[in-house]
Amino acid sequence: MTVGSSIYSAYQSYTYTSSYDSCKSSWISQDPDDIKISLNFAWKRKVFGQDLALKVIRNMLVSHFKRVIAGKSKKPLVMSFHGGIGTGKTHVSTLLANTLYKKGESSNFVRRLHLVEMLTNAKTLDEKRKAIKNEIKSIVQSCSRSLIIFEEIDKVEEGVIDVLFSYFDQYDSVGNVDFRNAIFIFSSNVGTREINHEACIQFNKTDQSSNFIAEQFYHIVRQASYDSQFHKQSSKQSSFGSGFGGATFIKHFLVSSFVPFLPLEMKHVLQCTEASLAERDDIMSEVNGNPKLKKEFLLLIYRLISTVSPPGCRKTFSTNGCKRVSQLIDQEADSFFHSSP
């Protein structure tokens, strides 16, 4: 074989490997023990202040994949992530994609659907439902173990997502497509005020969020999501959104778990800041061997985060979670490290 042909063969092999994706188990994790270990490891390094969410999500995933492996899955795993801005909902859905799929979010079988953008050209309720139905069916038809993440659910009109009911129920197939091994995740700010209020109540009983009663949050968020009479009130009266309002699949308890993302304490924001700094080679080169300088910069970012202390709550929380941490690092780094003496 000539040098030229060897190089071409190597290039073909690289192109195939980098672009190839598969629905086979070697490309999609499904061993419950492996998933549990990987999730715990990734969560410890990248997610802060959400021990309760970890416990709920981990248990749901392990149970789901045990049924999948045994061939006893009766319905897809449907989780709904709820909480305020910057509490980690999008971050965690990305982490799950990277944990479960060899190619992470780049996998053909992981789809993040931004519903407002997706439904831009659909004018009527029926057109919007049809667009969602066709998209979901196409994704799961290509791989029964697909992960579908719905963003902006609280920005779509009531009734649009009701089309998902048959996909979430206990059917062997719908339209000749088997949905029982798939995973669906909703991400929403609906119920934030109610979650924060309940968090304060439980923080008054224990300092460890991992000791919180998850079932209490489940009922609060489920009610917030479903009750359409409340979401029509002004935002000053309630934090309920309209996307879930009156959804049949919520009424019939087809959402496997409503996962609460708790408000973040300032110690968690500090952890977020340290994790963000660790990913910035330019900044780490400045503070390497100088822990005092690093501490001063961390404190600078810390002081710039706005906080709120709810009445009757023993905790102080970051107003926007970790949302602005990366922006503040960008904003302050150059002047802090390169200011003139």
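Let's start at Arg 280, which is partly exposed, with a relative accessible area of 22%. Keep in mind that everything here comes from a predicted model. The side chain of Arg 280 meets that of Asp 282 in a salt bridge, 3.1 Å from N to O. Asp 282 is partly exposed too, at a relative accessible area of 43%. Elsewhere, salt bridges with shared partners link Asp 207, Glu 265, Arg 314 and Lys 315 into one network.

**The overall picture**

Now step back for a moment. The protein has 341 residues, and 46% of them are buried. Its secondary structure adds up to 15 helices and 7 strands. The accessible surface comes to about 17,500 Å², with 49% of that belonging to carbon and sulfur atoms. Take the contacts in the protein with a separation of 6 or more: 76% of them are between residues 24 or more positions apart.

**Salt bridges**

Side chains of opposite charge can pair when their charged atoms come close. How many salt bridges does the structure hold? The count is 11. Here are three of them, with the N to O distance for each.

| Pair | N to O distance |
|---|---|
| Arg 111 and Glu 135 | 2.8 Å |
| Glu 157 and Lys 128 | 2.6 Å |
| Asp 282 and Arg 280 | 3.1 Å |

Look at the pair formed by Arg 111 and Glu 135. Arg 111 sits in strand E2 (residues 110–114) and Glu 135 in helix H6 (residues 125–142), so this salt bridge ties together parts that are 24 residues apart in sequence. Arg 111 counts as partly exposed, at 29% relative accessibility, and Glu 135 is partly exposed as well, at 25%.

Helix H6 turns up again in the salt bridge between Glu 157 and Lys 128. Lys 128 is in H6, while Glu 157 belongs to the loop between strand E3 (147–151) and helix H7 (165–168), so the pair ties together parts that are 29 residues apart in sequence. Are these two partners buried or exposed? Glu 157 is partly exposed at 36% relative accessibility, whereas Lys 128 is buried, with a relative accessible area of 15%.

**Two nonpolar cores**

Next, the nonpolar cores. The largest one has 43 residues, and those with the most contacts inside it are Ile 136, Phe 150, Leu 164, Phe 168, Phe 184, Phe 186 and Phe 249. Which elements build it? H6, E3, H7, strand E4 (183–188), helix H8 (192–203), helix H9 (214–226) and helix H11 (248–251) each supply at least two residues.

Phe 249 is worth a click in the viewer. Not counting residues up to four places away in sequence, Phe 249 touches Ile 161, Asp 162, Leu 164, Phe 165, Phe 168, Phe 186, Leu 254 and Val 255. Apart from this core lies another, of 30 residues, including Ala 53, Ile 57, Met 79 and Tyr 101.

**Helix H12**

Helix H12 (residues 266–278) has 13 residues and reaches 18 Å from its first C-alpha to its last, close to the 18 Å expected at 1.5 Å a residue. Which of its residues are buried? They are Met 266, His 268, Val 269, Cys 272, Thr 273, Ser 276 and Leu 277. Their cover includes helix H13 (281–287), helix H14 (291–304), strand E6 (307–308), strand E7 (317–318) and helix H15 (325–338).

**Two more residues to look up**

Thr 87 is in the loop between strand E1 (77–83) and helix H4 (89–100). Thr 87 is buried, with a relative accessible area of 6%. A polar atom of its side chain lies 2.7 Å from the backbone oxygen of Gly 84. Leaving aside neighbours within four places in sequence, Thr 87 is in contact with Gln 50, Phe 261, Leu 262, Pro 263 and Leu 264.

Arg 58 has its place in helix H3 (residues 51–70). Is Arg 58 buried or exposed? At 19% relative accessibility, Arg 58 counts as buried, because the cut-off is under 20%. Beyond its neighbours within four places in sequence, Arg 58 is in contact with Lys 36, Leu 39 and Asn 40. Arg 58 and Ile 35 are 23 residues apart in sequence, and their C-alpha atoms are 8.3 Å apart in space.

Key
Residues are numbered from 1 along each chain as its sequence is written. This is a predicted model: local features need pLDDT of at least 70, side-chain atom pairs count only at pLDDT 80 or more; totals for chains, interfaces and linings use all residues. Side-chain values use heavy atoms; hydrogens and water are left out. Helices (H or I, at least four residues) and strands (E, at least two) are DSSP runs, numbered from the N terminus. Buried means under 20% relative accessible area, exposed over 50%, partly exposed in between (1.4 Å probe, protein chains only). A polar contact is a pair of N or O atoms within 3.5 Å; within protein, one must be able to donate a hydrogen and the other to accept it, and residues adjacent in sequence count only if both atoms are side-chain atoms. Contact means heavy atoms within 4.5 Å. Accessible areas come from the Shrake-Rupley method with a 1.4 Å probe; for residues, only the protein chains shown count as cover. A salt bridge is a side-chain nitrogen of Lys or Arg within 4 Å of a carboxyl oxygen of Asp or Glu. The expected span of a helix is 1.5 Å times one less than its number of residues. A nonpolar core is a set of buried Ala, Val, Leu, Ile, Met, Phe, Trp, Tyr and Cys residues joined through side-chain atoms within 4.5 Å.
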